[in-house]
Amino acid sequence: MSASLRFTRRVWKSFIDNKGHDAQCFPNLVIHRAIPGTVDFSLKIDPANLNRVGTVHGGLILSLTDTLGSLAVASKGHYMTGVSTDIGASFVRPAGRTGDTLHARATLTAMGKSLAYTRVDFTNPAGDLVAYGYHTKYVGKSSSDPNNVKFSEDGEQVIEGNDVD
């Protein structure tokens with residue numbers, strides 16, 4: 001397993017252990033792959049994720065955009081992933097029903113000293129785009145967190161900081 005994937009899963013575990021919104025809304029989120037700046041996920045849709053017409057609720061897509069955008073920042077070695085300054089989503093087609101699997105790829109499109117920009121593409125099992133979200137985060141203070149690490153370009157190794165499990 002790559003160092004970037006281990007680290008991103010560790011950050012995700014810290015979100016779950018906090019017992020906040022993420023643990024309530026999508027505790028069964030699966031992180032499949034992480035390289036610096038890109039993370040692939042899936043979520044099996046359950047009845048709590050649906051709107052009144054029986055398809056995925058737009059609020060789930062926005063919540064996932066928030067969380068997955070944060071994990072895209074984590075995939076670059078940031079343990080504390082900052083705070084949201086802007087978020088939005090566009091809905092292309094119904095994202096699924098109970099029992100379907102929603103797939104997502106979160107990408108860190110840019111990161112400076114104070115802001116990080118992410119995009120999350122959501123697809124159905126056939127690979128069709130169903131929604132996409134964007135998320136801007138203030139990362140200025142989180143850049144100096146002692147738990148941060150630096151990865152090799154491919155994310156296979158930690159080259160600076162502690163790689164603990």
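This tour moves through a predicted model, from its N-terminal helix to two strand residues and then to the spaces between the elements.

**Helix H1**

Begin by selecting residues 3–17, which form helix H1. With 15 residues at 1.5 Å a residue, the helix should span 21 Å, and because its end C-alpha atoms lie 21 Å apart, the expected and computed values agree. Colour the buried positions next: Ala-3, Ser-4, Leu-5, Phe-7, Thr-8, Arg-10, Val-11, Trp-12 and Phe-15. To see what these buried residues pack against, add helix H2 (21–25) and helix H3 (58–74), and then strands E1 (30–35), E2 (38–44), E7 (150–151) and E8 (158–160). Before leaving this part of the chain, select Lys-19, which comes just after H1 and takes a positive phi of about 60°.

**Strand E2: Val-39 and Asp-40**

Move now to strand E2, where Val-39 has its place. Is this residue buried or exposed? Val-39 has a relative accessible area of 0%, and since buried means under 20%, Val-39 is buried. Show its surroundings and you will find that Val-39 touches Thr-8, along with Ile-31, Arg-33 and Ala-34, then Leu-71, Ala-72 and Ser-75, and finally Ala-104, Arg-105 and Ala-106, residues up to four places away in sequence being left out of the list. A distance drawn from the C-alpha of Val-39 to that of Leu-108 reads 9.0 Å, although the two are 69 residues apart in sequence.

Select Asp-40 next, also placed in strand E2. Asp-40 is buried as well, with a relative accessible area of 14%. Which side chain does the side chain of Asp-40 meet in a polar contact? The partner is Arg-105, at 2.6 Å. The C-alpha atoms of Asp-40 and Arg-105 are 4.5 Å apart in space, while 65 residues separate them in sequence. Beyond Arg-105, and again setting aside residues up to four places away in sequence, Asp-40 touches Val-30, Ile-31, His-32, Arg-33 and Ala-104.

**The cavity**

Turn to the enclosed space: the structure holds 1 cavity of 30 Å³ or more, and the largest cavity has a volume of about 30 Å³. To display its lining, select Leu-29, Phe-41, Ser-42, Leu-43, Leu-64, Leu-68, Leu-102, His-103, Ala-104 and Phe-122. Strand E2, helix H3 and strand E4 (101–111) each supply at least two residues of this lining, which by class has 8 nonpolar, 2 polar and no charged residues.

**The pockets**

For the open spaces, go first to the largest pocket, which holds about 380 Å³. Of the 21 residues that line it, select Phe-15, Ser-70, Thr-81, Gly-82 and Lys-137, which lie nearest its centre. Helices H1, H2 and H3 each supply at least two lining residues, as do strand E3 (83–91) and strand E6 (129–138); the largest share, 3 residues, comes from H3. By class, this lining has 6 nonpolar, 11 polar and 4 charged residues.

End at the second largest pocket, with a volume of about 280 Å³. Its lining has 13 residues, and those to select as the closest to its centre are Lys-76, Gly-77, Val-149, Lys-150 and Phe-151. The lining of this second pocket divides into 4 nonpolar, 5 polar and 4 charged residues.

Terms used: Residues are numbered from 1 along each chain as its sequence is written. This is a predicted model: local features need pLDDT of at least 70, side-chain atom pairs count only at pLDDT 80 or more; totals for chains, interfaces and linings use all residues. Side-chain values use heavy atoms; hydrogens and water are left out. Helices (H or I, at least four residues) and strands (E, at least two) are DSSP runs, numbered from the N terminus. The expected span of a helix is 1.5 Å times one less than its number of residues. Buried means under 20% relative accessible area, exposed over 50%, partly exposed in between (1.4 Å probe, protein chains only). Contact means heavy atoms within 4.5 Å. On a 1 Å grid over the protein atoms alone, a cavity is a set of points where a 1.4 Å probe fits but cannot get out, and a pocket is an open set with protein on both sides within 12 Å along at least five of seven lines; lining residues have an atom within 4 Å of a point. Grid points are joined across faces, edges and corners, and a volume is the space filled by probe spheres set on the points. Ala, Val, Leu, Ile, Met, Phe, Trp, Tyr, Cys and Pro count as nonpolar, Asp, Glu, Lys and Arg as charged, and the others, Gly among them, as polar. A polar contact is a pair of N or O atoms within 3.5 Å; within protein, one must be able to donate a hydrogen and the other to accept it, and residues adjacent in sequence count only if both atoms are side-chain atoms.
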